[in-house]
Amino acid sequence: MLTVVAPVFHYHQFGEATRMARDSGLSALLTCGSALAVFATIRTFRREIESGTAEMALVHPVSRAGFFLAKTTGVGLAVLFFALIVGATMVTSVTGAAVGGHMAEKTGELARVWAPCVAAGLATLVLPLVIAAALNRFARYRFVLAAVRLALALSLLSVAVFSVLAGPHQLLRLLPPTLTLVSFVLFLVTIAASAAVRLRANAAVAATGAVVLAFLPFVGNYYLAEVLANGGALSWTYVAGATLALVPAVAAFLLLGVRLCREMD
Amino acid sequence: MADDNIIALTDVEKTFRDFWLRPTVKAVDGLSLTVRRGEVFGLLGPNGSGKSTTIKMILGLLAPTKGSVKLFGLSPRAIAARRKIGYLPELSYLHPFLTARETLGYYAGLCGLDRKTAKDRTAQLLKMVGLEDVAMRPVGGFSKGMARRVALAASLIGKPELLVLDEPTSGLDPVSTKEVKTLVKALKANGMTILTTSHLLADAEDICDRVMIVNHGKTVAEGNVGELGTSLEEFFLAKVGEANEFVLADFLS
């Protein structure tokens, strides 16, 4: 929401609308994305194990490794979906703020500029929910499925429209830090998944937190030092390096999860 | 004949351990049993006797501490063995937000059925368990008996050769109980092997060819239902009662 309404601040002559929209978007991606990754992963695994549905799945011709990897991938996709929505909202808002700022300088009519930007951002967030509710009420569509599909379509559409309006500059500028943060958030999914196989929910959250604390200087590299301090401008070489550095850690936690899942009684 | 043994347990033990790997309870203690192709085998015993633990070892959900468990001559965790089994747990573990149709579709997917076969078999099973009219309702809103029927249909979705039923009539009304018993008899007539546990001895007596009574994780008695020379209930109480009386006498002395 902060990302969406950030262009409003331009109206109040803060002069930092674009930066606020970008920083709040990246902050949401890291903080909410991390929280979602940890809690959704642990909740998904623990609920399956404690409610007995994992047991029901495992008596079918499914290997334990397959079960673990499929569930982890499922949560990873949900986190990616969240990142896409936040990322698209951020791109829409940042691009809208930039275009609005440019037009406002020319015309001096600020109110007429930011209103459509905020409306577009809000529409990306709210419209899928409203349409999904209507589809559920009148056509008995599954609400969540409809909302997810519509949100995906609208997010991509808004990114495309605003990128055409303002050129691909903002999109290309926002993509590297976004991808870097998303790769880190996905790494958290693998830690939380392997912890949740063996430990109860609270202990799994604590274990994941402990691992993240151990990685803290590394996390600093991912976010504070590189993304914010450099104003969101990251080189693709850094993105590739950071993502590759995560690969062995992700692989190690996936292997640990598979092993714990095989030994699970 | 060895090839006719669908399930073979030899001197199986299971000791549960806590987080620090300290032994907490020995649930199964030196149990051996075989279930032959085409028979209905009843595993009977009081609460906490080790029936569910034994079933979970047969299904590969628990690893035995000692001894060997073979399912179709393979490890219970072998994918090839698990393609041939269906399982109805004591409590119907279902995803509450899925509809009855989606639930069966999900388990059909886990069995590797193609979309058309899954759709046909889902429709067939929903009809069989009498849930056609509520197929589009989330199972979270179902009564215990309805959820049990969905779970029973899910256990049959892969057309298993071995059906494992843990307390199949638990939570069902008398009419549904009779339907389940009729279904078990029909499945047996079609050549399916069935392993069942039950607290309701009259039900077990109706459907089982052979029974094993376990108590404290050990075999107390085993035999054909028709050869017990008394009702299953009397036989059961005599066997389990003996063990309990022994413990009581030991305590009183």
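Me: Two residues count as in contact here if their C-beta atoms, placed from the backbone, lie within 7 Å. With that in hand, what share of the contacts in chain B between residues at least 6 apart in sequence join residues at least 24 apart?

Reply: In this predicted model, 67% of those chain B contacts join residues at least 24 apart. For chain A, contacts with a separation of 6 or more are 79% from residues 24 or more positions apart.

Me: How do you know what confidence to put on chain B?

Reply: The mean pLDDT of chain B is 87, and 91% of its residues reach 70 or more. Local features need a pLDDT of at least 70. For the model as a whole, the scores are ipTM 0.87 and pTM 0.84.

Me: What makes chain B agree with a compact globule, or not?

Reply: Set the value against the rule: a compact globule of 253 residues would have a radius of gyration near 18 Å, and chain B has 19 Å, so the two agree. The C-alpha atoms of chain B fill a box of roughly 65 × 40 × 40 Å along the principal axes.

Me: And what makes a residue buried, and how many pass in each chain?

Reply: The bar is 20 or more other C-beta atoms within 10 Å of the residue's own. In chain B, 42% of the 253 residues are buried. In chain A, 39% of the 265 residues count as buried.

Me: Which secondary structure elements does chain A have?

Reply: Chain A comes to 10 helices and 0 strands, while chain B has 8 helices and 9 strands.

Me: Why are β2 and β4 of chain B called edge strands?

Reply: Look at the order: an open sheet of 3 strands runs β2-β1-β4 in chain B, with antiparallel pairing. There β2 (23-36) and β4 (66-71) each have a single partner strand, so one side of each is left without a neighbour in the sheet. The twist in this sheet averages 20° from one strand to the next.

Me: How do you know that β1(B) and β4(B) pair?

Reply: Pairing needs at least two bridges. Strand β1 (residues 5-17) and β4 of chain B have 5 bridges, in the antiparallel sense, so they qualify. Opposite B:K70 in β4(B) stands B:A8.

Me: What about the sheet with β5 of chain B, why does β5 end up at an edge?

Reply: That open sheet has 6 strands in the order β5-β6-β7-β3-β8-β9. Each of β5 and β9 (218-224) has a single partner strand, so one side of each lacks a neighbour in the sheet. Here the twist averages 15° between one strand and the next.

Me: Why is the pairing in that sheet called mixed, and in which sense do β6(B) and β7(B) pair?

Reply: The record of the whole sheet is just that its pairing is mixed. Strands β6 (residues 162-166) and β7 (residues 193-197) of chain B pair in the parallel sense over 5 bridges. B:V164 stands opposite B:L195 in β7(B).

Me: Which strands does helix α6 of chain B lie across?

Reply: Helix α6 (residues 174-189) lies across β3 (40-44), β6 and β7 of chain B, at about 150° to β7(B). Helix α5 (residues 144-156) lies across β5 and β6 of chain B, running at about 170° to β5(B).

Me: Last one: how many residues does each chain bring to the contact between A and B?

Reply: Chain B gives 17 residues and chain A gives 13. In chain B, α2 (79-82), β5 (85-88) and α3 (100-110) each supply at least two residues. That side of chain B divides into 13 nonpolar, 2 polar and 2 charged residues.

Conventions. Residues are numbered from 1 along each chain as its sequence is written. Chains are lettered from A and ligands numbered from 1 in the order in which they are written. This is a predicted model: local features need pLDDT of at least 70, side-chain atom pairs count only at pLDDT 80 or more; totals for chains, interfaces and linings use all residues. Helices (H or I, at least four residues) and strands (E, at least two) are DSSP runs, numbered from the N terminus. Axes are lines fitted to C-alpha atoms, for helices over the stretch in contact, and angles run from 0 to 180 degrees between N-to-C directions. The radius of gyration is taken over C-alpha atoms; the globule rule is 2.2 Å times the number of residues to the power 0.38. A residue is buried if 20 or more other C-beta atoms lie within 10 Å of its own, exposed if 12 or fewer, and partly exposed in between; C-beta atoms are placed from the backbone. Ala, Val, Leu, Ile, Met, Phe, Trp, Tyr, Cys and Pro count as nonpolar, Asp, Glu, Lys and Arg as charged, and the others, Gly among them, as polar. pLDDT is the predictor's confidence in each residue, from 0 to 100.
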